[in-house]
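Visitor: I should like to learn how to read strands, sheets and a loop residue in a model of this kind. Could you take me through them in turn?

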Amino acid sequence: MSHGSGFLLSIVLGNLSGSGGSTGGASCTAANLALGETSTVVLGQTNFTSSGFGSGLNQLHNPQGMTHDSAGGLWVSDTQNNRMLHFPAGATTNGTADLSIGGAFGTALNQFNNPQAIAMDFAGGFWVADYLNHRVLHFPSGVVSNGNADIVIGTTGTSGLSTTLLNSPRGVTVDSSGGIWVVDTGNNRLLHFSAPLTSGKPADIVLGQSSFTVGSTTTAAAATLANPNSVTADSNGGIWVSDAGYHRVLHYSSPFSNGKSADLVLGQFNFGTSSPAASQTGLWTPTGLSMDAAGGLWVADYGNRRAVHYSPLFFNGQSADHVLGEPDYVTNNPNLTVSAQQLLGPNALTVSPCGQLWVADYSASRVLYYP
């Protein structure tokens, strides 16, 4: 039924030719990342050891979302600056954004309040989870700096619990029919909105809750969510959700129905446990998700200050087979070192056409590229 932004963009971008540069284009060589790989490009900082923040077009302040566009460029959700920045393909260290939307807190159609996840659609437009405005905004293809959104899901500035109201949404992804999945974090649920999408459209599927009028959480189970953060989809139409409050990532298979149970769990050995862990099988407050072209899953493991990868075939309690940001699976940067090898607070990530990885290091106000 659905293709998430990671899977969809790996197909779209894989068809690009000759866009060049070390950070984009189909002419690249497939990534072969080593454990604890060193990043080679940093955006938002002038070097790999600084972690200040600012509002210049070459600066960031706590980025929390990003994705590729069809030209190999990178959209970054610059959360505390309340703006979306676009960096062109081939961006290098301390690169400057060529487009900016927002930049001041507000509720207008070109303003944000703590924007987070971003997802591209088939037409080249994109969706943004506007967290504290309790809405998801769509911007059309070809949007220019300070351009306006053309669709609003949810009601601006009003949180609630219904088929049309949202409460602090963090995540969004696009399905194969042009509909969207929205992580409605404050209501501990995942909502689906079918295409064609129009402002104020009601959701038609809810996961994580038994109905559209329930938003609380109780205990970890296959049908519950607690502080979910991100959503992406696989090539079979299933979806993955990072369930940060229960320190796990859940998979749901298509077809979907209200209150459906997840069928896979990563970060825990079963659906009834929810303990954080720094290990090859554990997670601690997982946030961003992205699929690679081989069907593998990258997870921004925020609490462990790392990004971890899982390969198919998936099973409950599976071990990760790759780690970035740490030298091994049990270290979590106890000295809070900022470097090209270590992460301070990874929150989002996106995979390039050849499998290279961009990671938004929220706590260091930067975005890192792994070759």
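Guide: What follows treats a strand, its partners, a sheet and a loop residue in turn. Please keep in mind that the model is predicted.

Visitor: Which way do the side chains of strand 8 point?

Guide: In a regular strand, the side chains alternate between the two faces of the sheet. In strand 8, Arg-135, Leu-137 and Phe-139 point one way, while Val-136 and His-138 point the other way.

Visitor: Are the residues of strand 8 buried or exposed?

Guide: A residue is called buried when its relative accessible area is under 20%. For strand 8, which covers residues 135-139, 5 of the 5 residues are buried, so the strand is largely enclosed by the rest of the structure. The residues pointing either way are all buried.

Visitor: How many bridges join strand 7 to strand 8?

Guide: Strand 7 (residues 126-130) is joined to strand 8 by 5 bridges, and the two run antiparallel. Within this pairing, Trp-127 stands opposite His-138. The two strands form a hairpin with 4 residues between them. In the turn, His-134 has a positive phi of about 55 degrees.

Visitor: What joins strand 8 to strand 9?

Guide: There are 4 bridges between strand 8 and strand 9 (residues 151-154), again in an antiparallel arrangement. Here Leu-137 has Val-152 as its bridge partner.

Visitor: In what order do the strands of the open sheet lie?

Guide: The open sheet consists of 4 strands in the order 14-15-16-17, with antiparallel pairing. Its edge strands, strand 14 (228-233) and strand 17 (264-266), each pair on one side only. From one strand to the next, the twist averages 20 degrees. At one end of the order, strand 16 (residues 248-252) and strand 17 are joined by 3 bridges. In that pair, His-251 stands opposite Leu-264.

Visitor: Let us turn to the loop residue. Where is Ser-168 found?

Guide: Ser-168 belongs to the loop between strand 9 and strand 10 (169-174).

Visitor: Why does Ser-168 count as buried?

Guide: The cut-off for a buried residue is under 20% relative accessible area. Ser-168 has 10% relative accessibility and therefore counts as buried.

Visitor: Which residues does Ser-168 touch, not counting those up to four places away in sequence?

Guide: Ser-168 touches Tyr-131, Leu-132 and His-134, together with Asp-184, Thr-185 and Gly-186. His-134 is also the turn residue with the positive phi. In addition, a polar contact of 3.2 Å links the side chains of Ser-168 and Asn-167.

Notes: Residues numbered from 1 in each chain as written. Predicted model: local features only at pLDDT ≥ 70, side-chain atom pairs only at ≥ 80, totals over all residues. Heavy atoms only, no water. Buried < 20%, exposed > 50% of the residue type's maximum accessible area, 1.4 Å probe, protein only. Pairing = 2+ DSSP bridges. Axes fitted to C-alpha atoms, helices over the stretch in contact; angles between N-to-C directions. Contact = heavy atoms within 4.5 Å. Polar contact = N/O pair within 3.5 Å; in protein donor to acceptor, adjacent residues only side chain to side chain.
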